[in-house]
Amino acid sequence: SLLQETMSKYQVEYSKSSRALCQTCQTKIDKSSIRVGKMVHFANIGEMGRMGLVWNHYTCFWGPQYKSGNGWSDCVNNWANFEGIDQLNIEDQKMIHHQIKGLPMDDDAIEEAEKKTEAAEANAVFTDSDPETIIYTMINKHLDVMKVPDIKEVIKTNAIECGKKPKKADMIKVILDQSVSKISSLAYNSLNKHATANSLKKILKAKGQSCAGTKKDLIVRVLQTCGGVDAPQDMSIAAPPAPALSSKEMGPDEDLLGEEWARLQPYVSVGSKEAVKKLLEMKSAPRHLKIDDNFSIQFEDFKDLMTSFGSELIVLEAGCGLDSWAAPIIADHCPRLQKLSLESCRFSDEDLIRVGYCCPRIRYLRITGNNKCPGNLKDKFLKNFKEDRSFLKKLRILDLTDQNCDFTQVERMSKARKSVLVRNGDSGDDRWYMPGFGGDSMEMMGGKFHL
């Protein structure tokens, strides 16, 4: 054969022109379409021949003609044998991942791919050292992911004139027509969200400005180069709360439960103040602690338990209706938790977000209200979980039964975090939810009902 395959590596990329010929169907490969290349040896060129890439349409490469005509082997089922996939957009990466591995990309892989893509895009933008161009690019990127009501609030806050019933694109255009000084608050938030400290330093270095200080200092300095005012007092950079222990101090993150209702040893259940006192006198710390449903534990007792044993806890269950005061105690003392189950819980969105960031190993999270008095969770927690893939990235099951969460927001979150099984609805009805058949409780996965 003229073409002798010599390597197991494949190159995946967007076609740079329309000149390349598909070696399977013998037609041109359109510019910007996905193509798959294979390094081969051209045996009849020169005395020793030469090496070169030959290309195939993406569809032809996976088609039966290529398989039968080119010695298809197991190497195409190995993700590591394909180079260049990380340079494609996220949707194309997902498609190829499913083709090669036969499974959708998990949340961790998607998060990593998005970070690489965003870093590449940011680097391309910041090669232009003109601060004003970069600022407006970041503002545009920030507005593009905002919802229409939020954009309207930006227009109102900055006293920007806009026509009646404008479309989102029109509102963005009007905002981008404003000077940096007029929308400095928006510019600050946009740079904070989409620019890294190193990128900001590149801008300042190109302008001969100081690169010293915190990220906030760098942003303010960049804005000042374009006539932006100093950052208002409320423009502080709010970093997410962090676990009480470092990753090294917590040790390997191994799944110690395996399933939702596992009982981990040592297991202890407390149902009275006397039981709490007795437990505190014990020398060995439990890894699974349950506070009985009929025991309304008080602040000091709960704090003493978490202070003494929280750092070793893997499972914490309570059916006694914990109030908001318990959230910071859990967040500050229980970094190794893998399951948190709180019934009739009165945590707010902010409470649960804090716990989520400080307990990053949670696999099973059950924060329920009850059918007589719904919980206090609404939509902020759902939005944070949907948008920040580093938040609770180990989570498998999220139970929000009897909370005040909007169904549409739950559905959107479920679509974004496809690997998480979500429970929602009202426990007052024993029937599981089925479209057209009534019922108030449901399970959802990937934005679809999980029956």
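When I speak of helices and strands today, I mean runs assigned by DSSP, with at least four residues for a helix and at least two for a strand, numbered from the N terminus. With that in mind, the protein chain in front of you, which is a predicted model, has 17 helices and 13 strands.

Let me begin with the chain as a whole. It has 451 residues, of which 43% count as buried, and it exposes about 23800 Å², with carbon and sulfur atoms supplying 50% of that area. If we take the contacts between residues at least 6 apart in sequence, 59% of them join residues at least 24 apart.

Now to one helix, α15, which runs over residues 349–358 and is mostly covered, since 8 of its 10 residues are buried. Which residues of α15 are buried? They are D349, D351, L352, I353, V355, G356, Y357 and C358. As for what lies against them, these buried residues pack against two helices, α14 (326–333) and α16, and against two strands, β8 (339–342) and β9 (364–367).

Helix α16, residues 380–387, brings us to K383, which has its place there. At 34% relative accessibility K383 counts as partly exposed, because that value falls between the 20% limit for buried and the 50% limit for exposed. Together with K147, R412 and K415, K383 forms a positive surface patch.

From there I would like to turn to S414, which lies in helix α17, residues 407–416. Is S414 buried or exposed? Its relative accessibility is 0%, and so S414 counts as buried. Setting aside the neighbours within four places in sequence, S414 is in contact with V422, M444, M445, G446 and G447. Take M444 from that list: S414 and M444 are 30 residues apart in sequence, and yet their C-alpha atoms are 7.0 Å apart in space.

My last residue, Q178, belongs to a loop rather than a helix, namely the loop between α7 (168–176) and α8 (184–194). Even so, Q178 counts as buried, because its relative accessibility is 16% and the cut-off for buried is under 20%. What does Q178 touch, if we do not count residues up to four places away in sequence? The residues it touches are Y136, I160 and I183.

To close, I would ask you to find two places in the model: S414 in α17, with its contacts to M444, M445, G446 and G447 among others, and Q178 in its loop between α7 and α8.

How values were computed
Residues numbered from 1 in each chain as written. Predicted model: local features only at pLDDT ≥ 70, side-chain atom pairs only at ≥ 80, totals over all residues. Heavy atoms only, no water. Buried < 20%, exposed > 50% of the residue type's maximum accessible area, 1.4 Å probe, protein only. Contact = heavy atoms within 4.5 Å. Patch = residues over 30% accessible without salt bridge, like charges linked within 9 Å, V, L, I, M, F, W, Y side chains within 5 Å. Areas by Shrake-Rupley, 256 points an atom, 1.4 Å probe, with all protein chains shown as cover. Salt bridge = Lys/Arg side-chain N within 4 Å of Asp/Glu carboxyl O. Lys, Arg positive; Asp, Glu negative; His and termini not counted. Charge placed at Lys NZ, Arg CZ, Asp CG, Glu CD.
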